[in-house]
Amino acid sequence: MIKVEAVSKSYGNTLAVKQVSFEVSEGENLILLGTSGCGKTTTLKMINRLITPDAGNILVNGKDIAKEKPEVLRRGIGYVLQNTGLFPHYTVAENIAIVPKLLGWEKEKIKSRSNEIIEKLHLSEKYLSAYPGELSGGQQQRVGLARALVTDPSVLLMDEPFGALDNVTRTSIRKEFKGLEELKRKTMVMVTHDIHEAFELADRICLMNKGEIVQIGTPKDLLYKPVTDFAKNFLASEKLSLEFKIISMDDIWDLIPSSEPVSATSLSSSVSVWDVMDKLQSAPSLVVKNPSGEQKNIAFSAITEAFKRYQKKQSHE
Amino acid sequence: MSENQQSLWQFMSEQSDKLLNQTFQHVGLTFISLLFAVLIGLPLGILIARKRKISGSVLAFAGVLQTIPSIALLGFMIPLLGIGAKPAIVALLIYALLPIIRNTYTGIVGVDASIREAAKAMGMNNWQILFKVELPLAMPVILAGIRTATVINVGVATLASYIAAGGLGEFIFGGISLNNTNMILAGAIPAAVLAIVLDGLLALLQNLNFKRLRKVLLVLPIFLLILSGFYLLPKAYGSSLTAGFTPEFMGRQDGDLGLKSVYGLKIHTIVISDAVMYKAAFEKELDVISGYSTDGRLKAFDLTILKDDQRIFPPYYAAPIVRESSLKKFPELEKVLNLLAGKISDSIMTDLNYKTDQLHQSPEKVAKDFLISRNLFKVSKNGKAGIVRIGSKIFGEQYILAEMYKMLIQGNTDYKVATKTGLGGTKICFDALVNDQIDFYPEYTGTGLLVLLQPKAEFAKQIAHDKDKTYRYVNDEFRKKFQIKWLTPIGFNNSYALMMRRKQSKELGVYTITDLKQYLDNNK
């Protein structure tokens with residue numbers, strides 16, 4: 001659990017972060033979103049004391065971080081950087097073993113845990129003896145993630161973790177990231193300027209501008225209940241595609257007419273409208289099943305109709 | 001050419017003991033100073049990488065140290081550290097410092113900021129970041145600095161022989177003084193090979209990958225220590241007094257060789273440059289030195305000449321030696337140069353030298369004052385009828401003589417004058433004359449006989465002690481062999497002489513070289 005209370009930081013005369021407060025509950029993924037220079041990275045780096053705040057308190061797992069030794073604090077928090085920050089003079093195995101060694105783990109434990117984490121991240125064991133320079137960008141980013149996760153820290157901080165990757169690699173690694181068992185229980189704060197990434201991965205989004213929080217809320221809150229013009233305009237150009245991605249079949253279930261299933265295979269109703277429409281490109285209709293076992297036959301016209309009605313309903317609330 | 005090569009090989013094999021000693025000393029000097037330079041430069045480089053504000057001034061200071069001429073730096077060291085290894089090591093260290101500090105700084109500052117941030121974010125403390133991240137990543141750049149420093153040190157270490165620290169410079173400078181090409185090459189070739197080999201080895205090291213580099217770096221300090229230890233290997237035998245002889249004196253029949261064969265003198269000897277020898281004697285670093293009888297420092301440092309009772313030092317009467325072609329080209333030249341003939345005695349020359357060396361008057365002023373006092377000075381005619389080129393060796397007396405000749409020529413003829421002073425030792429000056437780079441320079445009869453003509457030892461012995469015979473012989477031979485004429489001698493005899501501090505000479509009762517030998521034999 002992370003608690004940030006009225007934290008400020010200035011550089012010279014510029015106030016980089018103004019009175020920022022938020023809470024991230026256990027297992028939650030909070031994404032700090034905003035344009036460059038909005039203070040999101042500064043905020044993130046104050047959580048593991050890479051940057052010292054001028055005012056305010058930060059609590060990690062209930063403890064005031066200002067009272068802890070910075071090195072000890074950092075060893076307990078996973079950190080993933082945009083440019084991976086892998087040591088070029090260490091092999092992949094040595095890179096992963098950095099924090100365990102600092103914590104004084106035994107050799108055997110380091111080895112077995114390294115093998116385990118590398119397997120979970122879909123990296124072949126043969127890369128353990130390679131140097132980072134010999135890996136592709138996507139592989140390097142996975143090693144960076146493995147290095148942050150190897151000690152299984154309860155808190156994970158990520159600074160634009162996919163920022164340095166090309167679009168194709170980025171989309172696929174993001175999908176993989178979402179499915180990682182290893183990340184499910186983590187309390188995460190992640191920085192990004194990519195709206196789609198934020199909406200895809202976040203439990204809640206903290207939208208920042210000029211060092212201040214504009215709005216904190218679920219992706220749906222941001223889309224349908226923007227609190228300021230800034231929040232509204234920030235998402236305006238991407239709004240439709242974001243909606244397709246965050247609205248699931250569950251959300252529009254009641255708005256779809258009932259029908260008899262015509263096929264035996266069915267999709268779960270937790271999938272997004274986007275995914276269903278994507279599948280309807282190659283089939284005239286699909287069967288979707290909701291958690292209570294009810295099945296509905298869905299065609300393109302039905303889903304667009306339901307989606308429109310859902311949109312209208314949201315804007316009236 | 002083949003004959004020359006063969007004789008170089010012969011020289012090197014004859015002198016193989018000395019050569020090996022000097023090479024060991026050279027390697028030792030290079031690496032001791034390198035070791036200290038790394039011990040000082042590396043932490044300093046790290047410090048300024050951490051405190052960037054002071055980096056500018058530290059690098060500027062090290063840069064200034066680097067620009068001090070090496071001979072001057074060695075000279076500064078003597079009052080502080082005496083002569084021998086200590087000042088040489090300190091001087092070399094100072095030269096090696098800049099590349100090491102600068103490259104350590106550049107290497108560390110150049111480490112990718114995201115890597116440093118990652119190290120910090122994972123919970124490494126400052127020391128861990130330094131040793132596990134910054135230094136390993138900066139190592140190729142740091143090694144490049146050490147490589148530069150090594151090559152610089154091999155070069156500058158040749159100068160260490162000037163202050164009695166040994167090394168291959170002993171051969172190089174001895175050879176230049178003695179007009180012995182083989183001797184020069186016997187020092188210069190190993191020094192060059194040493195520089196190339198060390199440069200190559202360090203280049204290999206620099207290009208190793210991280211994995212191998214880590215292993216090598218563990219061995220490197222041990223390697224450095226062992227090479228440093230080379231300096232301690234050659235140890236000269238000890239005696240109650242210490243002598244400091246110039247490289248030239250060491251190799252001459254009328255020098256150290258004669259002292260050994262005629263007097264049977266056995267004294268602990270170190271090789272040292274003329275420039276610092278007198279001062280070292282004054283400061284009691286040395287007891288006996290090989291000086292020149294007209295040197296101004298004799299007076300300044302209160303030294304006394306030991307009588308050459310068995311007459312091994314031949315006379316060295318100074319006279320201008322001129323190309324015969326130049327005498328034809330400038331018909332009035334001979335008459336003008338002879339204006340100085342017989343005008344300067346030993347004591348006058350010592351006094352003139354004292355004025356330049358110790359009272360720091362310019363050679364020009366000393367020359368002018370002297371000419372005025374003898375009514376020889378005339379205001380320059382600013383003539384434009386051809387340029388007479390005057391040469392001089394690189395010491396004070398020659399500068400004064402060159403200035404006098406310049407004023408005499410300008411005042412009495414319509415010729416223009418160009419001076420090419422400071423032409424190193426005898427060999428450089430004489431080669432310049434033979435190759436028509438200069439028209440004349442002042443030379444000494446003894447040098448002409450023993451260094452430039454080098455007749456058979458038997459014959460040299462016969463005539464070397466007779467002033468007139470020597471003069472006639474060199475003049476005849478020079479005209480035949482080189483078409484160069486010796487004009488009338490100036491008067492003074494600047495011969496070699498062994499000197500001691502006047503006080504010590506009195507205390508020990510040592511007034512002649514035979515006294516010295518007996519004293520040494522009685523006080524082993």
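Which residues in α21(B) meet which residues in α23(B)? The legends below take up that question and then visit other parts of this predicted model.

**Figure 1. Helices α21 and α23 of chain B pack against each other at an angle of about 50°.** Here we look at α21(B), residues 445–453, and α23(B), residues 467–482, with their axes 9 Å apart. That angle makes α21(B) oblique to α23(B). The crossing of the pair is left-handed. From α21(B) come T445(B), G448(B), L449(B), L452(B) and L453(B), and they meet T470(B), Y471(B), Y473(B), V474(B), E477(B), F478(B), K481(B) and F482(B) of α23(B). Sorted by class, the contact between α21(B) and α23(B) holds eight nonpolar, three polar and two charged residues.

**Figure 2. N475(B) sits in helix α23 of chain B.** Staying with α23(B), we turn to a residue in this helix, N475(B). Is N475(B) buried or exposed? Its relative accessible area is 12%, and because buried means under 20%, N475(B) counts as buried. Setting aside neighbours within four places in sequence, N475(B) is in contact with I484(B), K485(B) and W486(B).

**Figure 3. Helices α3 and α5 of chain B cross at roughly 150°.** The axes of α3(B), residues 52–67, and α5(B), residues 85–109, come within 8 Å. How do the two helices run relative to each other? An angle over 145 degrees counts as roughly antiparallel, and α3(B) and α5(B) are therefore roughly antiparallel to each other. Their crossing is left-handed. On the α3(B) side, the contact is made by R52(B), S55(B), V58(B), L59(B), A62(B), G63(B), L65(B) and Q66(B), and on the α5(B) side by I94(B), Y95(B), L98(B), P99(B), I101(B), R102(B), Y105(B) and V109(B). By class, the residues of this contact of α3(B) with α5(B) divide into 11 nonpolar, three polar and two charged.

**Figure 4. Helix α13 of chain B, residues 274–282, has five buried residues to follow: V276(B), M277(B), Y278(B), A280(B) and A281(B).** What do the buried residues of α13(B) pack against? Their partners in chain B include helices and strands: α4 (70–81), β1 (242–245), β3 (288–292), α14 (296–300), β4 (303–306) and β10 (496–501). Just beyond the helix, do look for K284(B), which follows α13(B) and has a positive phi, near 65°.

**Figure 5. Two residues other than glycine, K210(A) and N375(B), have a positive phi.** A reminder helps here: most residues other than glycine have a negative phi. K210(A) has a phi of about 50° and is placed in the loop between β9 (204–209) and β10 (212–217) of chain A. At 62% relative accessibility, K210(A) counts as exposed. For N375(B), phi is near 60°. N375(B) is found in the loop between α18 (363–373) and β6 (387–391) of chain B. With 73% relative accessibility, N375(B) also counts as exposed.

**Figure 6. L73(A) lies in helix α2 of chain A, residues 70–75.** This residue counts as buried, at 5% relative accessibility. Which residues are in contact with L73(A), leaving aside its neighbours within four places in sequence? They are I47(A), N48(A), R49(A), I65(A) and E68(A). Among them, I47(A) is 26 residues apart from L73(A) along the chain, and the C-alpha atoms of the two are separated by 9.6 Å.

**Figure 7. V216(B) lies in helix α10 of chain B, residues 210–229.** At 24% relative accessibility, V216(B) counts as partly exposed. Not counting residues up to four places away in sequence, V216(B) touches L205(B) and L208(B). If you step back to find Y292(B), the two residues are 76 residues apart in sequence and 52 Å apart in space, C-alpha to C-alpha.

**Figure 8. Chain B, the setting for many of these views, has 25 helices and 10 strands.** Its C-alpha atoms fill a box of roughly 90 × 65 × 50 Å along the principal axes. Of its 524 residues, 54% count as buried. The accessible surface of chain B comes to about 23,300 Å², and 59% of that belongs to carbon and sulfur atoms. Among contacts in chain B with a separation of 6 or more, 79% come from residues 24 or more positions apart.

How values were computed:
Residues are numbered from 1 along each chain as its sequence is written. Chains are lettered from A and ligands numbered from 1 in the order in which they are written. This is a predicted model: local features need pLDDT of at least 70, side-chain atom pairs count only at pLDDT 80 or more; totals for chains, interfaces and linings use all residues. Side-chain values use heavy atoms; hydrogens and water are left out. Axes are lines fitted to C-alpha atoms, for helices over the stretch in contact, and angles run from 0 to 180 degrees between N-to-C directions. Helices (H or I, at least four residues) and strands (E, at least two) are DSSP runs, numbered from the N terminus. Angles under 35 degrees count as roughly parallel, over 145 as roughly antiparallel, 65 to 115 as roughly perpendicular and the rest as oblique. A crossing is left-handed if the near helix is turned anticlockwise from the far one by less than a right angle, and right-handed if clockwise. Contact means heavy atoms within 4.5 Å. Ala, Val, Leu, Ile, Met, Phe, Trp, Tyr, Cys and Pro count as nonpolar, Asp, Glu, Lys and Arg as charged, and the others, Gly among them, as polar. Buried means under 20% relative accessible area, exposed over 50%, partly exposed in between (1.4 Å probe, protein chains only). Accessible areas come from the Shrake-Rupley method with a 1.4 Å probe; for residues, only the protein chains shown count as cover.
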